[in-house]
Amino acid sequence: MTLYYSLVFLLLVAEMTLFMLLIIPLPFTIRRKMFTFISESPLVAKLQYGMKITFIFILILFIDSVNRVYRVQIELAESNKQQGYASSRFYNPSAVLGHERMEVQARKFYSQRNMYLCGFTLFLSLILNRTYTMILDVLRLEEKVKKYEGDPKATGKQADKLANAGNAGEIGKLKNQLAEKDRDIETLKKQAAGLSREYSELSDKYGATNPDVTPKKDR
């Protein structure tokens, strides 16, 4: 197995582990904190962005493996035709075509393995996304039921965070964007303050050199 297919296999194992963590029955409080952390963590947002790029490469590998399986199937069919033709010539074709046929069978096995590996990895990624959304909806419904029952814990900060939680890392990504906007605003304020200070200095110098001239005010 080549390096990139080994990485795909490790990703498949990680997805299986994450899926087991999602479906393990946990107390409501622990599960709510876990999903709130996933929604708010900037690290999860960056990881999710990297995983999207990774799944694009896995999709390319999947298409390539399907193409290889198709070509091997054609070669295997041609090999069977040659074997049948050799049998009609009254000599044993196994000595002539046996090694070639084994090589084609081996390539067929590796191509099918790579196709199933990439296919299951892509399919499980869709299952994980859907499972995360369904569990999040269930948690919100449980939170609403607790609120209707008058549970005081259902009106705290954790409940508000869970209600605003979206996709994995979405809140963290929005917080990063908001922080960037705040930094841009602070930079603009500093620039405006510098321009105002320079304007005041120039006005003072101009007033000192020309005391009889007063600056006109805009009406």
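Helices here are DSSP runs of at least four residues, numbered from the N terminus, and helix H4, home to Glu 142, is one of them. Everything in these views comes from a predicted model.

**View 1. The whole chain is built from helices.** Six helices and zero strands turn up in the chain, so the pattern along the sequence simply reads α-α-α-α-α-α. Out of 219 residues, 26% count as buried. The accessible surface adds up to about 16,400 Å², and carbon and sulfur atoms own 64% of that. Take the contacts with a separation of 6 or more: 81% of them join residues 24 or more positions apart.

**View 2. Glu 142 of helix H4 and Phe 28.** How far apart in space are Glu 142 and Phe 28, C-alpha to C-alpha? The gap is 8.6 Å, even though 114 residues separate the two in sequence. Glu 142 has a relative accessible area of 34%, so it goes down as partly exposed.

**View 3. Val 13 of helix H1 and Thr 121.** Here is another pair with a long stretch of sequence in between: Val 13 and Thr 121 are 108 residues apart along the chain, yet 8.9 Å apart from C-alpha to C-alpha. Val 13 belongs to helix H1. With 34% relative accessibility, Val 13 is partly exposed.

**View 4. The largest nonpolar core.** Eleven residues make up this core. Among them are Tyr 5, Val 8, Leu 11 and Leu 12, along with Phe 55, Ile 58 and Leu 61. Leu 117, Cys 118, Leu 122 and Leu 124 complete the set. Which helices each supply at least two residues of this core? They are H1, H3 and H4. There is also a second, separate core, with ten residues, including Phe 35, Ile 38, Leu 128 and Leu 139.

**View 5. Cys 118 and its partners.** Zoom in on Cys 118, a member of the largest nonpolar core. Setting aside residues up to four places away in sequence, Cys 118 touches Tyr 5, Val 8, Ile 58, Leu 61 and Phe 62. Tyr 5, Val 8, Ile 58 and Leu 61 are also on the member list of that core.

**View 6. Thr 131 and Lys 108, two buried residues of helix H4.** Thr 131 sits in helix H4, which covers residues 94-148. Is Thr 131 buried or exposed? It is buried, because its relative accessible area is 14% and the cut-off for buried is under 20%. Beyond its neighbours within four places in sequence, Thr 131 makes contact with Phe 19, Leu 22 and Ile 23. Lys 108 is in helix H4 too. At 18% relative accessibility, Lys 108 also falls under the 20% line, so it counts as buried. Again leaving out neighbours within four places, the contacts of Lys 108 are Val 72, Gln 73 and Leu 76.

**View 7. The salt bridge between Asp 64 and Arg 68.** Side chains of opposite charge can pair when their charged atoms come close. How many salt bridges does a search of the whole structure find? The search finds one. It joins the side chains of Asp 64 and Arg 68, with 2.9 Å from N to O. These two residues are four apart in helix H3 (residues 42-88), which means about one helical turn lies between them. Both ends are partly exposed: Asp 64 has a relative accessible area of 29%, and Arg 68 comes in at 41%.

**View 8. A nonpolar patch on the surface.** Leu 18, Met 20, Leu 21, Ile 23, Ile 24, Leu 26 and Ile 30 form a nonpolar surface patch of about 590 Å². Helix H1 (residues 3-23) gives the most to this patch, with four residues. Met 20 is located in helix H1. Its relative accessibility is 46%, so Met 20 counts as partly exposed.

**View 9. Segments marked as transmembrane in the record.** An unreviewed UniProt entry places the feature "transmembrane region" at residues 6-28, 49-70 and 114-139. In the model, residues 6-28 are 83% helix and 0% strand, with the end C-alpha atoms 36 Å apart. Residues 114-139 are 100% helix and 0% strand, and here the end C-alpha atoms lie 37 Å apart.

How values were computed
Residues numbered from 1 in each chain as written. Predicted model: local features only at pLDDT ≥ 70, side-chain atom pairs only at ≥ 80, totals over all residues. Heavy atoms only, no water. Patch = residues over 30% accessible without salt bridge, like charges linked within 9 Å, V, L, I, M, F, W, Y side chains within 5 Å. Areas by Shrake-Rupley, 256 points an atom, 1.4 Å probe, with all protein chains shown as cover. Salt bridge = Lys/Arg side-chain N within 4 Å of Asp/Glu carboxyl O. Buried < 20%, exposed > 50% of the residue type's maximum accessible area, 1.4 Å probe, protein only. Contact = heavy atoms within 4.5 Å. UniProt positions renumbered as here; feature names shortened; annotations may be inferred. Core = buried A, V, L, I, M, F, W, Y, C linked by side-chain atoms within 4.5 Å.
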